[in-house]
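Student: Could you take a close look at one part of this structure for me, namely how neighbouring helices pack against each other? I would like the residues as well as the geometry.

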Amino acid sequence: MAERAALEELVRLQGEHVRGLKQQKASAEQIEEEVAKLLKLKAQLGPDEGKQKFVLKTPKETLTGKYGEDSKLIYDLKDQGGELLSLRYDLTVPFARYLAMNKLTNIKRYHIAKVYRRDNPAMTRGRYREFYQCDFDIAGQFDPMIPDAECLKIICELLSSLQIGDFLVKVNDRRILDGMFAVCGVPDSKFRTICSSVDKLDKVSWEEVKNEMVEEKGLAPEVADRIGDYVQQHGGVSLVEQLLQDPKLSQSKQALEGLGDLNLLFEYLTLFGIADKISFDLSLARGLDYYTGVIYEAVLLQTPVQPGEETLGVGSVAAGGRYDGLVGMFDPKGRKVPCVGLSIGVERIFSIVEQRLEALEEKVRTTETQVLVASAQKKLLEERLKLIAELWDAGIKAELLYKKNPKLLNQLQYCEEAGIPLVAIIGEQELKDGVIKLRSVASREEVDVRREDLVEEIKRRTSQPLLN
């Protein structure tokens, strides 16, 4: 024990030495040499079974091995104080790490935060390298498919309330996929890489996916053809029942378990009143390695241009699934906590909302400000400051231009550009009469309101939702 304590102290001192060299901007060769010594000391230290293996940080050993072929999109930060670190790729793996670290076995939560991906950005489609995600997860041991159905209900409620157009939620199950691959003749070692190929079917044709499987990943053409017979099918609960009777697929215990759960899931979705928004789609694969059961993805639908054409997807806006084994990867004793969750692409949603508003020639409100305090003449800054203080104290969201003598036209134009609905105008005559001129930016109508009634009138006029 004493030897270990001494070694830990050496590691601490060497770590401080490395950090000191970096602060002093020592040569790269010297830093590299000292980091190597630090890593050697840590290797001698070895694992300590009596201590928690994971501490409150997100080292790359935490992130790798969870995302399949998407691991190449992780941002690595090399050599930070002797450790290999990475920016978080999503909010799911950090959540699982948090559960394991704090020995939590039951929690229901949402989380909005930034994530980072080394991807090709597409600004017009809301695809960035740094972006926000909103996650909702349910962790705990519960009866099958009840929390899963709730997650799908939440997705449908969110997308319906946003009024961004028709949508469809595709569902599948990783056990069905794995069972399908097995009965089609895919080697176990190729399950995950073939799964990643199948996941591209929403973007490219089956022929392109088959070519990738055969030419790039070495799958036999006849095996790829057998996969193609399955993954091009989609439907509702009737397809689930059909596949339960499939002579090949029914040979797989995994696939039968997945199909049984999907059958139950559709029962709950019908009770929730959302079954018409759900499609069982065998091409949905979700390339992330940590999924273990039901998976789903919500896509917005584009109205067909010509009668008879199929409805086209215009991009994924939410996705998720069940990941029962992820928490156990971080627990020293491998204790599992079943989890299911969903993730909403915030920037993707914003991008779509903005495009729809622009198409309808509606302005996007960029502020929650209810009223701008303006002046009609010069030398009224003090009066504007007095009035805005009164409004702030009453809980009114108000602002003013940071100029002593702004022109009235400039103040009105600012309201139009920012989407501020009201203007409280102070003038010399208004001060004499004890009133404030309240102007509606949209209609340009103006009324005189007694100063003591102004707060109530603003609240009455702005009681409507932020976006009309």
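Tutor: Happy to; here is a walk through two helix pairs, with some background on the chain and one residue to finish.

Please keep in mind that this is a predicted model. The chain has 16 helices and 15 strands, and 45% of its 468 residues are buried. Taking contacts between residues at least 6 apart in sequence, 64% join residues at least 24 apart. The accessible surface of the chain is about 25,400 Å², and carbon and sulfur atoms account for 51% of that surface.

Now for the close look, beginning with α10 and α11. Helix α10 covers residues 237–244 and helix α11 covers residues 253–272; their axes come within 10 Å and cross at roughly 155°. Angles over 145 degrees count as roughly antiparallel, so α10 and α11 are roughly antiparallel to each other. The crossing of α10 with α11 is left-handed. On the α10 side, the residues in contact are Val237, Val240, Glu241, Leu243 and Leu244, and they meet Leu256, Leu259, Gly260, Leu262, Asn263 and Phe266 of α11. Sorted by class, the residues of this contact between α10 and α11 comprise eight nonpolar, two polar and one charged.

The pair α6 and α7 can be read in the same way. Helix α6 spans residues 174–184 and helix α7 spans residues 191–198, with axes 11 Å apart and an angle of about 110° between them. Since 65 to 115 degrees counts as roughly perpendicular, α6 and α7 are therefore roughly perpendicular to each other. Their crossing, α6 with α7, is right-handed. From α6, the contact draws on Arg174, Leu177, Asp178, Phe181 and Ala182, while α7 brings Phe191, Arg192, Ile194, Cys195 and Val198. By class, the contact of α6 with α7 holds seven nonpolar and three charged residues, with no polar ones.

Finally, a single residue from another helix. Glu456 sits in helix α16, which runs over residues 454–461. Its relative accessible area is 62%, and exposed means over 50%, so Glu456 counts as exposed. Glu456 is also 60 residues from Ile396 in sequence, while their C-alpha atoms are 9.8 Å apart in space.

Methods: Residues are numbered from 1 along each chain as its sequence is written. This is a predicted model: local features need pLDDT of at least 70, side-chain atom pairs count only at pLDDT 80 or more; totals for chains, interfaces and linings use all residues. Side-chain values use heavy atoms; hydrogens and water are left out. Axes are lines fitted to C-alpha atoms, for helices over the stretch in contact, and angles run from 0 to 180 degrees between N-to-C directions. Helices (H or I, at least four residues) and strands (E, at least two) are DSSP runs, numbered from the N terminus. Angles under 35 degrees count as roughly parallel, over 145 as roughly antiparallel, 65 to 115 as roughly perpendicular and the rest as oblique. A crossing is left-handed if the near helix is turned anticlockwise from the far one by less than a right angle, and right-handed if clockwise. Contact means heavy atoms within 4.5 Å. Ala, Val, Leu, Ile, Met, Phe, Trp, Tyr, Cys and Pro count as nonpolar, Asp, Glu, Lys and Arg as charged, and the others, Gly among them, as polar. Buried means under 20% relative accessible area, exposed over 50%, partly exposed in between (1.4 Å probe, protein chains only). Accessible areas come from the Shrake-Rupley method with a 1.4 Å probe; for residues, only the protein chains shown count as cover.
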